[in-house]
Number of protein chains: 2
Amino acid sequence: MRARLRAEMTDEIKAIARRHLATEGANLSLRAVARDLGVVSSAIYRYFPSRDELLTALILDAYTALGGSVAAAEGAVDRADLTGRFLAICHTVRDWALANPHEYALIYGSPVPGYVAPRDTVPAATRAVTVLGGVIEDATLAGVLRDDDRLPDDAAADVARIGAMIAPSAPLGPLSRALGSWLQLFGFVSFEIFGQLHNTVDVPGPLFAQQMRAQAAYIGLPTT
Amino acid sequence: MRARLRAEMTDEIKAIARRHLATEGANLSLRAVARDLGVVSSAIYRYFPSRDELLTALILDAYTALGGSVAAAEGAVDRADLTGRFLAICHTVRDWALANPHEYALIYGSPVPGYVAPRDTVPAATRAVTVLGGVIEDATLAGVLRDDDRLPDDAAADVARIGAMIAPSAPLGPLSRALGSWLQLFGFVSFEIFGQLHNTVDVPGPLFAQQMRAQAAYIGLPTT
DNA sequence: CTCTGTCAAGAGCAGTGCTCTCGGTATGCG
DNA sequence: CGCATACCGAGAGCACTGCTCTTGACAGAG
């Protein structure tokens with residue numbers, strides 16, 4: 001009962017903080033949030049022990065929001081359409097980032113100065129890449145992937161460790177290529193969100209679609 | 001004479017600011033810089049009209065430092081060794097980022113809240129990718145690249161526009177792949193610098209080398 | 001009905017970016 | 001050489017920040 005009021009309060013604080021984040025940017029002001037909430041600044045500390053804790057909560061929410069969007073979008077695609085599932089993941093990441101640029105910056109941009117990611121963010125953070133792993137796993141089981149690459153031992157160990165978590169059956173070659181695609185996906189989105197593409201690509205959408213389609217082919221997913 | 005003292009002063013401010021950036025992080029304090037310089041805070045404003053202007057100066061320096069490192073490393077490789085030149089670029093970007101993580105974050109991380117990149121940062125920012133363009137251009141002139149890909153028209157236009165700036169002779173297929181490599185390179189480095197690889201890849205060096213080597217092969221640069 | 005735990009309010013501290021004014025100094029011109 | 005101008009650093013001050021601490025009010029439990 002009293003706990004429910006408390007939960008509502010923290011949710012409201014997070015909602016206002018998210019709104020401030022969207023309009024102002026990364027420098028979130030506790031006092032401004034308190035003002036918008038019609039409360040004095042010290043009252044916020046009843047619910048979040050520090051500003052960093054508030055940010056951590058927002059980061060966790062952002063990870064789960066992104067992960068949820070990706071999982072939902074990928075889940076809506078016909079399971080047999082492996083390339084479609086892959087492209088759904090890629091486009092959902094980009095779309096979510098474009099819709100929530102500041103939250104994207106919060107989780108994939110430069111970390112805030114003194115901040116160290118708490119351990120509990122890890123599962124939320126890995127959710128999206130796990131969905132990608134599912135596609136690679138299914139493609140492996142469907143027998144559509146070819147394993148042409150030879151990886152050096154040290155790199156192979158890293159790829160194998162990642163594969164064990166997200167696509168245990170996949171061979172290392174396609175897995176390494178999928179990992180590269182993942183990096184390229186976020187490289188593209190980060191460049192676009194952070195303005196690195198200005199005066200270079202004015203409408204990045206088609207280029208993004210082409211790049212991700214090329215990645216699907218490079219991984220070895222069936223061309224549709 | 002008086003101008004030289006002024007130049008020395010601005011250089012000293014920038015040096016101290018860079019040092020603070022390296023130790024503290026992105027939240028650079030003008031007053032702390034002034035303290036370290038043995039001067040009162042308002043004196044800084046004689047040399048930089050605002051904190052953002054100081055940051056802009058540091059950003060510009062960071063771009064030219066990275067661009068210079070990349071150009072120097074690539075220039076030291078035998079011109080005929082196209083893959084070696086490509087790999088030199090990739091590894092120099094990563095090495096520079098690892099050596100100067102906060103400056104990397106300054107230019108490739110989330111932009112500071114109210115900040116808009118001034119126009120004069122563009123040439124400095126494009127220096128590094130221009131070096132990559134040189135490699136692609138030379139590879140094209142050497143006739144080692146194959147143009148297998150068919151790009152959709154809208155994406156082709158973007159790729160062509162970029163190609164006109166950095167590698168005018170290159171066909172769109174390899175150019176698009178090189179662009180993807182560039183994005184993947186910065187995707188990897190950003191993930192590594194920003195801690196996205198923690199608890200996943202503990203020693204990213206070998207994986208990076210393998211990924212970049214794979215990219216060189218994917219672009220079509222001769223395997224060495 | 002009292003007691004205890006939770007809550008918001010308010011004052012206050014140390015720090016921030018930035019502005020303005022006030023003396024002092026060096027430069028360049030007549 | 002003498003003076004006016006431009007520049008420079010110091011200092012005070014404003015509005016803001018995150019955060020701490022104390023105080024008083026209120027609700028639920030015994």
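Q: How do the residues of the surface near DNA strand D divide into nonpolar, polar and charged?
A: In this predicted model, 18 residues lie around DNA strand D. Sorted by class, they divide into 8 nonpolar, 5 polar and 5 charged.

Q: Which residues come nearest to DNA strand D?
A: Both protein chains appear in this group, with Ser42 listed for chain A and for chain B. Of the 18 residues around the strand, the nearest are Leu30(A), Ser42(A), Ser50(A), Arg51(A) and Ser42(B).

Q: Which helix gives the largest share of the surface near DNA strand D?
A: Several helices supply at least two residues each: helix H2 (30-36), H3 and helix H4 (51-75) of chain A, together with helix H1 (2-23) and H3 of chain B. The largest share is 3 residues, and it comes from H2(A).

Q: Which residues are closest to DNA strand C?
A: Let us turn to the other strand. DNA strand C is surrounded by 20 residues, which divide into 9 nonpolar, 5 polar and 6 charged. The closest are Ser42(A), Ser29(B), Leu30(B), Ser42(B) and Arg51(B).

Q: Which helix gives the most to the surface near DNA strand C?
A: Chain A supplies at least two residues from each of helix H1 (2-23) and helix H3 (41-44). Chain B does so from each of helix H2 (30-37), helix H3 (41-44) and helix H4 (51-75). The most, 3 residues, is given by H2(B).

Q: How many helices does chain A have?
A: Reading along the sequence, the pattern of chain A is α-α-α-α-α-α-α-α-α-α. There are 0 strands in chain A, and the number of helices is 10.

Q: What percentage of the residues of chain A count as buried?
A: The C-alpha atoms of chain A fill a box of roughly 65 × 45 × 35 Å along the principal axes. Among its contacts between residues at least 6 apart in sequence, 70% join residues at least 24 apart. Of the 224 residues in the chain, the share that counts as buried is 44%.

Q: By what kind of axis are the two copies related?
A: Two copies of a chain are related by a rotation about an axis and a shift along it. Here, chain A can be laid on chain B by a turn of 180 degrees and a shift of 0.0 Å along the axis, with an RMSD of 0.0 Å. The two copies are therefore related as by a two-fold rotation axis.

Q: Which element gives the most to the side of chain A that touches chain B?
A: The two chains meet through 41 residues of chain A in contact with 41 residues of chain B. On the chain A side, H8, helix H9 (172-193) and helix H10 (204-219) each give two or more residues. That side divides into 22 nonpolar, 15 polar and 4 charged residues. With 9 residues, the element that gives the most is H9(A).

Q: Are H8(A) and H10(B) roughly parallel or roughly perpendicular?
A: Helix H8 (residues 153-166) of chain A packs against helix H10 (residues 204-219) of chain B with the axes 8 Å apart and at an angle of about 100 degrees. Angles of 65 to 115 degrees count as roughly perpendicular. So H8(A) and H10(B) are roughly perpendicular.

Q: Which residues of H10(B) make the contact with H8(A)?
A: By class, this contact has 5 nonpolar, 1 polar and 2 charged residues. H8(A) brings Asp154(A), Ala155(A), Asp158(A) and Val159(A). From H10(B) come Pro206(B), Leu207(B), Ala209(B) and Gln210(B).

Key
Residues are numbered from 1 along each chain as its sequence is written. Chains are lettered from A and ligands numbered from 1 in the order in which they are written. This is a predicted model: local features need pLDDT of at least 70, side-chain atom pairs count only at pLDDT 80 or more; totals for chains, interfaces and linings use all residues. A residue is near a molecule or strand if its C-beta atom, placed from the backbone, lies within 6 Å of it. Helices (H or I, at least four residues) and strands (E, at least two) are DSSP runs, numbered from the N terminus. Ala, Val, Leu, Ile, Met, Phe, Trp, Tyr, Cys and Pro count as nonpolar, Asp, Glu, Lys and Arg as charged, and the others, Gly among them, as polar. Axes are lines fitted to C-alpha atoms, for helices over the stretch in contact, and angles run from 0 to 180 degrees between N-to-C directions. Angles under 35 degrees count as roughly parallel, over 145 as roughly antiparallel, 65 to 115 as roughly perpendicular and the rest as oblique. Two residues are in contact if their C-beta atoms, placed from the backbone, lie within 7 Å. Copies are superposed by least squares on the C-alpha atoms of residues with pLDDT of at least 70 in both. A residue is buried if 20 or more other C-beta atoms lie within 10 Å of its own, exposed if 12 or fewer, and partly exposed in between; C-beta atoms are placed from the backbone.
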